[in-house]
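Let's take a walk through this model, starting from one residue and working outwards to the empty spaces. Keep the viewer open as you read.

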Amino acid sequence: MQVFLDFEKPLCELEAKIGELRHLADDNTINIADEIAKLQTKAEKFLRQTYAKLTPWQKIQVARHPNRPRFGDYAAALFEDFTPLSGDRHFAEDAAIIGGLAKFRDQSIIVIGQEKGKDTSSRMACNFGMARPEGYRKAIRLIDLANRFGLPILTFVDTPGAYPGIEAEERGQAEAIARSTEVFLNARVPIVTAIIGEGGSGGAVAIAASDCLLMLEHSVYSVISPEGCASILWRDGDKAQEAATAMKPTAQDLLELGVADVIVPEPLGGAHRKPDEAINALGGALFGALEPLGSFTPAALLERRHNKFLNIKH
């Protein structure tokens, strides 16, 4: 079922008219193909004009779209022999972060991704992509495995932030995030990260301290959600749109600031409209980013990665 965002209301009406006309067209006594074609052209024009000038808040809405491809979709389409490895070997398994061994275009790699889920049951099981400490400790375990066997790493970020519950704090959420970030920064193998939806707070940074950061065209990446920022600065969650503009969380903003390295174009109207096309585009971008990193020695990788983060504009 297609879900339309608030700013897509005119498109929703056009799509409804097209659907009605197609239903009428099933009756062979009426030929309305020309009218359908005109409406389709009008809908495409609306999409093109609207998505060419999205505000930061609208981009956040697109990044959060419920039909947007999730990590599981990318893993199924891009990797062969993907073998998830469960548990942090300390406390438990965390379904919000999935990782393991896989083959990417005939190369053995480690894959780590945040999973939001696609329906109510899977979203509950994945805690809506909000990882607990055991999720980050699982990521640390996988980085250690990658270092041991010299395997490059691909990570996929899609989370509103780390889980802030009492039990997560009791098990050392802040320490787990900080430790994961440290381990990523000091990994002796190439790391490429893709922001595929919403990259929120330290929960995203913990698996995104990489050699190359790719962002899908309508993805976002920020230190806090706009709602959280508004509640802190103005004590008013209704100012989320204003906060979104001030935070500069879009791929275009972050490329200019030096945080993002590559923007991967999405299909017209967002990745949720043509998931296969979006997944294939990201696959090509990941390969293009990962391949040149293979020529660096571990020492050169570390120096390059550290310089990358030190040179980010403030």
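Start at Thr-155: setting aside neighbours within four places in sequence, Thr-155 is in contact with Ile-112, Phe-184, Ile-191, Val-192, Thr-193, Ala-194 and Ile-207. Bear in mind that this is a predicted model. Thr-155 sits in strand β4, which covers residues 153–159. With a relative accessible area of 0%, Thr-155 falls under the 20% cut-off and so counts as buried. One of its contacts deserves a closer look: the side chains of Thr-155 and Thr-193 are joined by a polar contact of 2.7 Å.

Ile-207, one of the residues Thr-155 touches, leads on to the next stop. Ser-180 also has Ile-207 among its contacts, along with Tyr-136, Ala-139, Ile-140 and Ala-206, again not counting residues up to four places away in sequence. You'll find Ser-180 in helix α8, residues 173–185. Its relative accessibility is 0%, so Ser-180 is another buried residue.

Now for a charged side chain. Is Lys-138 buried or exposed? Lys-138 is buried, because its relative accessibility is 1% and the cut-off is 20%. Lys-138 belongs to helix α6, which runs over residues 133–149. What does the side chain of Lys-138 pair with? Glu-93 is a partner, through a side-chain polar contact of 3.0 Å. Beyond four places in sequence, the contacts of Lys-138 also take in Leu-85, Ser-86, Gly-87, Asp-88, Asp-94, Ile-97 and Ile-98. Gly-87 is 51 residues away from Lys-138 along the chain, yet their C-alpha atoms are separated by 6.0 Å.

Zoom out to the whole chain. There are 14 helices and 8 strands. The radius of gyration is 21 Å, close to the 20 Å that the globule rule gives for 314 residues, so the chain is as compact as a globular protein of that length. Its C-alpha trace spans about 70 × 50 × 40 Å along the principal axes. Buried residues account for 49% of the chain. Among contacts with a separation of 6 or more, 73% link residues 24 or more positions apart.

That leaves the empty space. The largest pocket holds about 390 Å³. Of its 19 lining residues, those closest to the centre are Val-205, Tyr-221, Leu-254, Val-259 and Ile-312. Helix α8, the home of Ser-180, turns up again here: α8, α9 (201–205), β7 and α14 (298–310) are the elements that each give two or more residues to this lining. The biggest contribution, 3 residues, is from α9. By class, the lining splits into 12 nonpolar, 5 polar and 2 charged residues.

The second largest pocket comes in at about 250 Å³. Helices α1 (9–25) and α2 (33–51) each supply at least two of its lining residues. Its lining has 5 nonpolar, 2 polar and 5 charged residues, with Glu-15, Arg-22, Glu-44, Arg-273 and Lys-274 among the residues that line the pocket.

Finally, how many cavities of 30 Å³ or more does the structure hold? There is 1, with a volume of about 70 Å³. Its lining includes Ile-60, Arg-64, Pro-160, Glu-198 and Pro-249. Strands β5 (191–200) and β7 (220–222) are the elements giving two or more residues to that lining, and β5 has the largest share, with 3.

Definitions and conventions
Residues are numbered from 1 along each chain as its sequence is written. This is a predicted model: local features need pLDDT of at least 70, side-chain atom pairs count only at pLDDT 80 or more; totals for chains, interfaces and linings use all residues. Side-chain values use heavy atoms; hydrogens and water are left out. Helices (H or I, at least four residues) and strands (E, at least two) are DSSP runs, numbered from the N terminus. Buried means under 20% relative accessible area, exposed over 50%, partly exposed in between (1.4 Å probe, protein chains only). Contact means heavy atoms within 4.5 Å. A polar contact is a pair of N or O atoms within 3.5 Å; within protein, one must be able to donate a hydrogen and the other to accept it, and residues adjacent in sequence count only if both atoms are side-chain atoms. On a 1 Å grid over the protein atoms alone, a cavity is a set of points where a 1.4 Å probe fits but cannot get out, and a pocket is an open set with protein on both sides within 12 Å along at least five of seven lines; lining residues have an atom within 4 Å of a point. Grid points are joined across faces, edges and corners, and a volume is the space filled by probe spheres set on the points. The radius of gyration is taken over C-alpha atoms; the globule rule is 2.2 Å times the number of residues to the power 0.38. Ala, Val, Leu, Ile, Met, Phe, Trp, Tyr, Cys and Pro count as nonpolar, Asp, Glu, Lys and Arg as charged, and the others, Gly among them, as polar.
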